[in-house]
Amino acid sequence: MNSEVINILTMAKVIQTAVAPVFLITGIAATLGVLSNRLARITDRARQLERKLKVSTDEDFNKSLTTELRALLKRSRCIHIAFSLSVLSALLVCAVVMCLFLSHIQSINLSVTIASCFVAAMALLICGFLSLLGEVFLATRSMRRGMIFADIDIND
């Protein structure tokens with residue numbers, strides 16, 4: 001085989017190696033969609049509560065609205081952290097793919113860089129998922145508190 005054929009075959013192997021991280025980027029993008037939707041719902045609910053707070057004169061009702069707004073703020077912080085960490089993770093996965101190609105094209109050993117970027121991307125993704133889990137816990141706790149204090153007719 002001539003060197004051009006060998007070069008094409010090795011490039012094909014590099015492309016095959018780069019496919020797995022690209023699927024990971026797709027998964028992170030789906031996670032970002034979930035996070036965006038959760039943040040949008042939190043934002044919509046906060047705006048709704050702020051409107052009610054402006055028109056209400058009932059002190060106890062305003063206190064409960066303020067408590068819920070604080071809970072929404074905590075939840076939005078968790079989502080913001082999860083979103084930021086997930087985006088950083090995706091960027092590092094992109095760097096892995098880029099380094100794979102640069103390593104092949106320039107014939108330099110970037111294995112430590114590639115491994116470091118991938119490990120860092122996974123650590124960021126884990127932290128992002130933990131932040132999402134924290135937000136889910138906060139949402140569940142808020143919901144349970146609301147159920148305890150609200151008059152809920154179970155037959156509805």
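Which side chain does Arg 75 meet in a salt bridge?

1. That would be Glu 135: the two side chains come together at 2.7 Å, N to O. Bear in mind that this is a predicted model. Arg 75 sits in helix 2 and Glu 135 in helix 3, so this pair ties together parts of the chain 60 residues apart in sequence. Both Arg 75 and Glu 135 are buried. Glu 135 has a relative accessible area of 0%, so it falls under the 20% cut-off for buried.

2. Glu 135 has another partner to look at. Its side chain also forms a salt bridge with Arg 38, at 2.6 Å, N to O. This contact again links distant parts of the chain, with Glu 135 in helix 3 and Arg 38 in helix 1 (residues 3–55), 97 residues apart. Arg 38 is partly exposed, at 26% relative accessible area, whereas Glu 135 is buried.

3. Put those two contacts together and you get a network: Arg 38, Arg 75 and Glu 135 are joined by salt bridges that share partners. As general background, side chains of opposite charge can pair when their charged atoms come close.

4. How many salt bridges are there by this rule? The count comes to 3. Besides the pairs above, have a look at Glu 68 and Arg 45, whose side chains meet at 2.9 Å, N to O. Glu 68 belongs to helix 2 and Arg 45 to helix 1, and they are 23 residues apart. Both ends are partly exposed: Glu 68 has a relative accessible area of 30%, and Arg 45 has 28%.

5. Now for the surface. Arg 70, Lys 74, Arg 77, Arg 141, Arg 144 and Arg 145 form a positive patch. Helix 2 (59–106) and helix 3 (111–149) are the elements that give two or more residues to the patch. Arg 70, one of the patch residues, lies in helix 2. Is Arg 70 buried or exposed? Arg 70 counts as exposed because its relative accessible area of 55% is over the 50% cut-off.

6. Last, a point on annotation. An unreviewed UniProt entry lists residues 32–59 as "coiled-coil region". In the model, that span is 89% helix and 0% strand. The C-alpha atoms at its two ends lie 38 Å apart.

Technical notes
Residues numbered from 1 in each chain as written. Predicted model: local features only at pLDDT ≥ 70, side-chain atom pairs only at ≥ 80, totals over all residues. Heavy atoms only, no water. Patch = residues over 30% accessible without salt bridge, like charges linked within 9 Å, V, L, I, M, F, W, Y side chains within 5 Å. Areas by Shrake-Rupley, 256 points an atom, 1.4 Å probe, with all protein chains shown as cover. Salt bridge = Lys/Arg side-chain N within 4 Å of Asp/Glu carboxyl O. Lys, Arg positive; Asp, Glu negative; His and termini not counted. Charge placed at Lys NZ, Arg CZ, Asp CG, Glu CD. Helix = DSSP H or I, 4+ residues; strand = E, 2+ residues; numbered from the N terminus. Buried < 20%, exposed > 50% of the residue type's maximum accessible area, 1.4 Å probe, protein only. UniProt positions renumbered as here; feature names shortened; annotations may be inferred.
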